[in-house]
Amino acid sequence: MAEDILRITGGVPLHGEVTVQGAKNSVLPIMAAGILCGGETVLHRVPQLSDVYAASRILNRLGCSCRISGNTVVLNASGLHSFEIPDADMRKMRSSIVFLGPLLGRCGECVLTMPGGCELGPRPIDMHLDALRQMGVTVTEQDGKIRCKANRLHGAKITLSYPSVGVTENVLMAAAAAEGETVLRNAAREPEITDLAGFLNACGTEIRGAGESTVTVSGKCMLHGAEYRIMPDRIAAVTWLCAGAAAGGTVVLRETQPADMESCLEVLTAAGCRLGVCGDRIFLESSGRLRRVRQIRTMPYPGFPTDAQPLFCAVLCRANGTSVIEETVFESRYKYIGELLRMGADIRVSGRTAVITGREMLHGADVTAPDLRGGAALAVAAVSAEGETVLRALPHIDRGYEHFAEIFHSLGGNVNRGSFTRNDTKNSV
Ligand code: UD1
C-alpha cells in the first residue's frame with residue numbers, strides 16, 4: 001500500500017528564515033466561535049492544516065458556509081440548521097469538543113459523541129459538562145450520544161478544578177451568548193485563550209481578564225462577524241527553534257510573539273543556544289552540541305507547555321549530560337520515546353518522568369509518528385542524527401504543521417516527502 005513518508009538525512013546544520021504559521025490551537029476554537037456570529041467572519045493567517053479542513057467540514061455540515069482560500073477563511077453561520085456533530089467528525093478531530101460551547105450559545109442545544117481517539121491518553125469531557133451545567137445546561141447520554149440542552153443559557157460563577165484550555169474556551173463561547181454575566185475562576189491563561197477573547201470582543205462581546213486567572217464575560221444575544229488575524233503558532237515556532245538547536249546552525253523566525261514562548265526560550269538558553277529577540281523576530285544560533293537541562297516540568301501556561309515537551313526531549317538526546325523531564329498534563333505523552341530509542345537515544349521512562357542521557361550521536365532509523373508533536377520531535381531528532389531516517393504516519397504531522405518538509409528544506413535540511421510503497425521503503429532503509 002502506498003503511503004507518504006519523510007526521508008530525512010541528518011547531520012546538516014540548518015540556516016535560514018521561517019515565517020511562522022498561524023496557531024492551530026487558536027484557529028480551531030475561533031472557527032467554532034464563528035457559529036455565534038450573525039454576519040460574515042473573515043479570518044487571516046489561517047494555517048493550511050488537515051484539522052482546519054476538518055473544522056471547515058463540520059461547519060459546512062451544520063449548515064454554515066465556510067470557504068478556505070489560501071490562508072484566509074470566510075465563514076458565514078446564518079444558514080446554520082443543525083446542532084448535531086456526526087460521530088465520524090468527532091473522531092477525526094480531537095478538538096471537535098470546541099463546537100459544544102458555540103452550538104449551545106447559538107441553538108441552546110448540541111448533540112455530540114466523545115471526541116476521537118486516545119492519542120495522549122484519555123481525553124475526558126467531564127469538566128466541560130460540569131462547567132456548562134452551571135450555566136443551565138442539562139446533559140443526557142443515550143446510545144453513545146451526549147445531548148446537551150439549555151432552555152435558558154445563563155451566566156454563572158464557575159471555578160475550574162484545573163485550568164483546562166478546552167473548558168475555558170467552551171465556557172467563554174457559551175457565555176458570550178448567555179443571559180447575564182459569567183465569572184470564570186482558575187481559567188486557563190494560554191495565549192490562545194487571549195486570542196479567542198480578542199476575536200469574540202471584535203464580534204461585540206465584552207470579555208475582561210482573558211489571559212488572567214479570572215475572566216468575566218458579559219453575554220450578548222447574537223454577535224456580529226469580524227475580520228481577524230490569527231496569532232502566530234508558538235509551538236510551531238518552538239519546533240523550528242528546536243530543529244536549529246539540535247542540528248546546529250542559525251535560524252531566524254519572523255512573525256512570532258516571543259513573550260508567549262518565554263519558558264521555552266529560557267530552556268534553549270540554559271542548554272547553550274544563543275538567542276536574540278527583536279520585535280516579532282527570534283534569532284537562534286546553536287553549535288548542535290548542547291548542555292543538559294536539569295529539569296523540565298510541563299505545566300499550564302505560563303509554565304512549560306506540554307506540546308513542546310517531545311521537541312525538547314529530542315533536542316536533549318544529544319546534550320552533554322543527563323536531563324530530566326516531568327510530564328504533568330497528559331498521561332500518555334511519551335509514546336514517541338520508543339521511536340527515539342530506535343535512533344540510539346538513551347532515555348528511561350518511569351511514570352511521568354523521563355531521564356535522558358545525552359549521546360554523542362543518534363543514527364537514522366525507520367520510525368513512526370505516534371501523534372502530532374511526537375512526530376515533529378522525531379523529525380527534530382532526525383535532522384541532528386547521522387544517516388537516513390524514514391518517518392511514517394505523516395497525517396499526524398499534517399494536523400498541525402503547514403509545509404513541514406518544505407520549511408526544513410528551505411533551512412537547508414535534507415528532508416524530502418514522497419509516496420512510497422511499504423516494501424520499497426523497508427528495502428531501502
Ligand atoms: C489544549 C490543546 C493541546 C494542549 C493542551 C494543554 C487545542 C486544540 N489543544 O488541549 O494542544 O496540549 O491544551 O495546553 O487547543 N481534562 C479533564 N477533563 C476535561 C478536560 C480536560 O480531565 O473535561 C484534563 C485532560 O485529560 C488533561 C488536562 O485536563 O490531562 C488538560 O487538558 P486541556 O487543558 O483541556 O487540554 P485540551 O484543551 O484538550
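A residue counts as buried here when its relative accessible area is under 20%, and T239, with a relative accessible area of 0%, is therefore buried. I start with that residue because its value leaves no doubt about which side of the cut-off applies, and I should say at once that what we are looking at is a predicted model. The mean pLDDT of the chain is 94, and 96% of its residues reach 70 or more, although I will come back to one stretch for which the confidence is under 50.

So, to stay with T239 for a moment: this residue sits in helix α8, and its side chain reaches back to the backbone oxygen of I235, at 2.7 Å. What is T239 in contact with, once its neighbours within four places in sequence are left aside? The partners are L311, A376, V380, Y401 and F404, and two of these names, Y401 and F404, return in a moment as members of a cluster of rings.

Let me turn, then, to the aromatic residues. Searching the whole structure gives seven aromatic pairs. In one of them, the rings of W240 and F408 have centres 4.9 Å apart and planes at 75°, which means that the pair is edge-to-face. This pair links distant parts of the chain, since W240 belongs to helix α8, residues 234-247, while F408 belongs to helix α14, residues 404-410, and the two are 168 residues apart. W240 has a relative accessibility of 2% and so counts as buried, and F408, at 0%, counts as buried too. A further pair, formed by Y401 and F404, is tilted, with 5.0 Å from centre to centre and 55° between the planes. Here Y401 is buried at 3% relative accessibility, and F404 is buried with a relative accessible area of 4%. Taken together, ring pairs link W240, Y401, F404 and F408 into a cluster.

Next, helix α6, which runs over residues 165-176 and has 12 residues; from its first C-alpha to its last it reaches 17 Å, close to the 16 Å expected at 1.5 Å a residue. Is this helix mostly covered or mostly open? It is mostly covered, with 11 of its 12 residues buried, among them G166, E169, N170 and M173. At the N-terminal end of α6, S164 acts as a cap, with a side-chain oxygen 3.4 Å from the backbone nitrogen of G166.

For the strands, I would point to β4, residues 65-69, and β5, residues 72-76, which run antiparallel and are joined by five bridges. Within that pairing, R67 has V74 in β5 as its bridge partner. The hairpin has two residues between the strands, and G70 takes a positive phi near 60° there.

By way of contrast with T239, consider N201, which lies in helix α7, residues 191-202. N201 has a relative accessible area of 31% and is therefore partly exposed. Beyond its neighbours within four places in sequence, N201 is in contact with E206 and I207. From N201 to C313 there are 112 residues in sequence and 38 Å in space, C-alpha to C-alpha.

Finally, the caution I promised. Over residues 425-429 pLDDT stays under 50, and for this stretch the model has 11 contacts beyond four places in sequence. Where pLDDT is low, the predicted coordinates should not be read in detail.

Definitions and conventions
Residues numbered from 1 in each chain as written. Predicted model: local features only at pLDDT ≥ 70, side-chain atom pairs only at ≥ 80, totals over all residues. Heavy atoms only, no water. Helix = DSSP H or I, 4+ residues; strand = E, 2+ residues; numbered from the N terminus. Expected span 1.5 Å × (residues − 1). Buried < 20%, exposed > 50% of the residue type's maximum accessible area, 1.4 Å probe, protein only. Polar contact = N/O pair within 3.5 Å; in protein donor to acceptor, adjacent residues only side chain to side chain. Phe/Tyr/Trp six-rings, centres within 6.5 Å; stacked < 30°, edge-to-face > 60°. Pairing = 2+ DSSP bridges. pLDDT = per-residue confidence, 0-100. Contact = heavy atoms within 4.5 Å.
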